[in-house]
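Trainee: Please take a close look at a single part of this model. I would like the cut-off stated for each term you use.

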Amino acid sequence: MHGYVQRVLGADDLSLADDASVDRYVAKQVQTAHHPSGTAAMSADPGSGVVDSTWRVFGTEGLRMADASIIPSSVRASTNLTCMIIGERVARLLAGTARKESVVERV
Ligand SMILES: Cc1cc2nc3c(=O)[nH]c(=O)nc-3n(C[C@H](O)[C@H](O)[C@H](O)COP(=O)(O)OP(=O)(O)OC[C@H]3O[C@@H](n4cnc5c(N)ncnc54)[C@H](O)[C@@H]3O)c2cc1C
């Protein structure tokens with residue numbers, strides 16, 4: 001295990017000298033990676049969302065949002081890919097080449 005931690009995590013002998021050193025090493029090295037989404041959800045209802053199905057921000061004019069924040073509920077897939085699709089769809093909408101369908105109705 002000692003060798004594995006050194007090889008894979010790059011911990012030196014000093015970091016693994018005793019339990020207290022390991023605790024310090026772990027506290028310093030461990031981090032989380034989050035995939036935040038849905039903080040400005042797309043919805044048909046201004047009361048429960050921030051953007052409509054054409055990415056317009058409710059209560060504003062000329063403002064659209066197209067990023068992970070508009071995802072209505074947590075996706076069971078790559079958020080990066082989902083964001084790329086959101087971007088592609090908004091680009092088509094703005095270019096006038098999108099099909100006339102509501103994303104929310106299809107979800
Ligand atoms: C460490 C890490 C690992 C990840 N690994 C994966 C993975 O393996 N697979 C996966 O699917 N997803 C992964 N993700 C998640 C994925 O990267 C995000 O879900 C996705 O990039 C979100 O896209 P976004 O457009 O919402 O935001 P972002 O990609 O964060 O884009 C926001 C953009 O807005 C710009 N910006 C911010 N403020 C301003 C401002 N005031 N003016 C102008 N521009 C501004 C920023 O510079 C940035 O370019 C990972 C995320 C992290 C942090």
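Mentor: What follows sets the scene for the whole chain and then turns to one helix and the loop before it.

The model is predicted: local features require a pLDDT of at least 70, side-chain atom pairs count only at pLDDT 80 or more, and totals for chains, interfaces and linings use all residues. Numbering starts from 1 along each chain as its sequence is written. The mean pLDDT (the predictor's confidence in each residue, from 0 to 100) is 87, and 92% of the residues score at least 70.

The protein has 4 helices and 0 strands, in the order α-α-α-α. Its radius of gyration is 22 Å, well over the 13 Å that the globule rule gives for 107 residues, so the protein is more spread out than a compact globule. That radius is taken over C-alpha atoms, and the rule is 2.2 Å times the number of residues to the power 0.38. Helices (H or I, at least four residues) and strands (E, at least two) are DSSP runs numbered from the N terminus. The C-alpha trace spans about 65 × 30 × 25 Å along its principal axes.

The chain is split into domain 1 (1-31) and domain 2 (33-107), with bounds from an automatic or database domain assignment. The C-alpha centres of the two domains lie 42 Å apart. Of the 107 residues, 5% are buried. A residue is buried with 20 or more other C-beta atoms within 10 Å of its own, exposed with 12 or fewer, and partly exposed in between; the C-beta atoms are placed from the backbone. Helix α1, residues 2-9, has a count of 0 buried residues among its 8.

The part to examine is helix α3, residues 79-95. Confidence is highest in α3, at a mean of 93, and lowest in helix α4 (residues 103-106), at 52. Isoleucine 85 sits in α3 and counts as exposed because it has 10 C-beta neighbours inside 10 Å. Its C-alpha is 34 Å from that of glutamine 29, and these residues are 56 apart along the chain. Glutamate 88 is also placed in helix α3. With 12 other C-beta atoms within 10 Å, glutamate 88 is exposed too. Between glutamate 88 and valine 26 there are 41 Å from C-alpha to C-alpha, at a sequence separation of 62 residues.

The loop before this helix runs between α2 (19-29) and α3 and holds tryptophan 55. Tryptophan 55 is partly exposed, since 19 other C-beta atoms lie within 10 Å. Its phi is near 70 degrees, a positive value in a residue other than glycine. Most residues other than glycine have a negative phi. Serine 73 lies in the loop between α2 and α3 as well, and it is exposed, with 10 other C-beta atoms within 10 Å. The C-alpha atoms of serine 73 and arginine 92 are separated by 23 Å, for residues 19 apart along the chain.

Then there is the ligand. The residues around it are Ala33, His35, Asp67, Ala68, Ser78, Thr79, Asn80, Leu81 and Cys83; each has its C-beta atom, placed from the backbone, within 6 Å of the ligand. This shell divides into 4 nonpolar, 4 polar and 1 charged. Here Ala, Val, Leu, Ile, Met, Phe, Trp, Tyr, Cys and Pro count as nonpolar, Asp, Glu, Lys and Arg as charged, and the others, Gly among them, as polar.
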